[in-house]
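Good morning, colleagues. Please take a moment with the sequence and the coordinates, and then I shall go through them with you.

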Amino acid sequence: MTSNLDSLAEARRAAASPLFANLDGDIGVSFEFFPPKTEKMEAQLWDTFHALEPLAPRFVSVTYGAGGSTRERTHATVARIAATSSVPPAAHLTCVEASRAEIDAVAEAYWEAGVRHIVALRGDVPSGGPYRPHAQGYANAIELVAGLKAVAPFDISVAAYPEVHPDADCAQSDLDNLKRKLDAGATRAITQFFFSPDSFLRFRDTAAAAGITAPIIPGILPVSSVAQTRRMADMCGTAIPAWMVSLFDGLDDHPAARQLVAATVAAEMSRRLYAGGVRDFHFYTLNRAELSYAICHLLGLRPVATAKDQAA
């Protein structure tokens, strides 16, 4: 993380020059995918992965369906990445509708497949109802983190909520919960997506003041569909500003223009975060490469030449 003086200098630079001019490319990135349901979706996933792989992400994560509904597909995807790529895969794992023994068995299978990174989440109930722990399961993400550490020395990421988790009593209790997850053995936190850079920067600074020293990585969702984004935002308590909704008005039948607008909005937000000292970004790709790749490019990140490229 950069100092306050460095951030002020960078903010002045951003205001006084073209927004994306002469950036150093000194960012680290990671990408999230979801496991495919069909052969066509699987082809798209791997096309997306291979398009983003040259950006040398620090890791790529694969989501886990509500109630473990995609357990086998998630495992197959992360196992293939672990076996065929130098990019470290991270498997999502949740507490919902599974006993401790079942979750521990899944974690052991990941470790045996060469997966060393877990994104540990409480998870959502498949029906959308209130969360109730499994009688023989981990009660929450704090217990899950501790349980995973007992299985193997996993690198563990957990979730953070700049605009407060919907089930939290207040912002302070949500922050306290994050600290307990990190104290239980997690390495970093990845935030839920948001659309106000200031909300993340305030959250980051509040967390630091509360004694949280682990990295907090902003989760960036390039919006390709307002309707889809609204459904996702309603589930996690993220506010969608009216100005952003209006930008997408009239673009339903213009997919190329919609992509340009989506890239512009997400890139500007990422640039403001960069000006605030952020150097690590996590992109929710929705299994599409173009928007995330474009934003990384605007932030100065370039593909890493492989030995195969250099030999050619």
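**Helix H7 and three backbone positions**

I begin at glycine 211, which sits just after helix H7 and takes a positive phi of about 95°. Please keep in mind throughout that this is a predicted model.

Let me place that glycine in the context of the chain. The protein chain has twelve helices and nine strands. Its radius of gyration is 19 Å, close to the 20 Å given by the globule rule for 312 residues, so the chain is as compact as a globular protein of that length. Along the principal axes, the C-alpha atoms fill a box of roughly 60 × 50 × 40 Å. Of the 312 residues, 47% count as buried. If one takes the contacts with a separation of 6 or more, 79% of them join residues 24 or more positions apart.

As for the surface, the protein chain exposes about 15000 Å², and carbon and sulfur atoms supply 53% of that area. There are 28 positive and 34 negative side chains, and the centres of the two sets lie 2 Å apart.

I return now to helix H7. It covers residues 197–209, 13 residues in number, and reaches 19 Å from its first C-alpha to its last, close to the 18 Å expected at 1.5 Å a residue. Which residues of H7 are buried? They are Pro197, Ser199, Phe200, Leu201, Phe203, Arg204 and Ala207. The cover over these buried residues includes strand S5 (155–160), strand S6 (188–191) and strand S7 (216–217), together with helix H6 (171–183) and helix H10 (255–275).

Within this helix, I would single out serine 199. Its relative accessibility is 7%, and serine 199 therefore counts as buried, the cut-off being under 20%. Which residues does serine 199 contact, leaving aside its neighbours within four places in sequence? The contacts are with Pro162, Glu163 and Phe194.

Let me turn to two further positions, with one general remark beforehand. Most residues other than glycine have a negative phi. Asparagine 22 is not a glycine, yet has a positive phi of about 55°. This asparagine is placed in the loop between helix H1 (4–16) and strand S1 (28–33). Is asparagine 22 buried or exposed? With a relative accessible area of 66%, asparagine 22 is exposed.

Leucine 286, also not a glycine, has a positive phi of about 55°. Where is leucine 286 placed? This leucine lies in the loop between strand S9 (280–284) and helix H11 (290–298). Its relative accessible area is 22%, and leucine 286 is therefore partly exposed. Not counting residues up to four places away in sequence, leucine 286 touches Glu32, Phe34, Gln44, Leu221, Ser224, Gln228 and Met232. Glutamine 259 is 27 residues from leucine 286 along the chain, and their C-alpha atoms are separated by 13 Å.

To close, I would set the two loop residues side by side: asparagine 22 is exposed, whereas leucine 286 is partly exposed. Thank you for your attention.

Key:
Residues are numbered from 1 along each chain as its sequence is written. This is a predicted model: local features need pLDDT of at least 70, side-chain atom pairs count only at pLDDT 80 or more; totals for chains, interfaces and linings use all residues. Side-chain values use heavy atoms; hydrogens and water are left out. Helices (H or I, at least four residues) and strands (E, at least two) are DSSP runs, numbered from the N terminus. The expected span of a helix is 1.5 Å times one less than its number of residues. Buried means under 20% relative accessible area, exposed over 50%, partly exposed in between (1.4 Å probe, protein chains only). Contact means heavy atoms within 4.5 Å. The radius of gyration is taken over C-alpha atoms; the globule rule is 2.2 Å times the number of residues to the power 0.38. Accessible areas come from the Shrake-Rupley method with a 1.4 Å probe; for residues, only the protein chains shown count as cover. Lys and Arg count as positive and Asp and Glu as negative; His and the chain ends are not counted. The place of a charge is taken as NZ of Lys, CZ of Arg, CG of Asp or CD of Glu.
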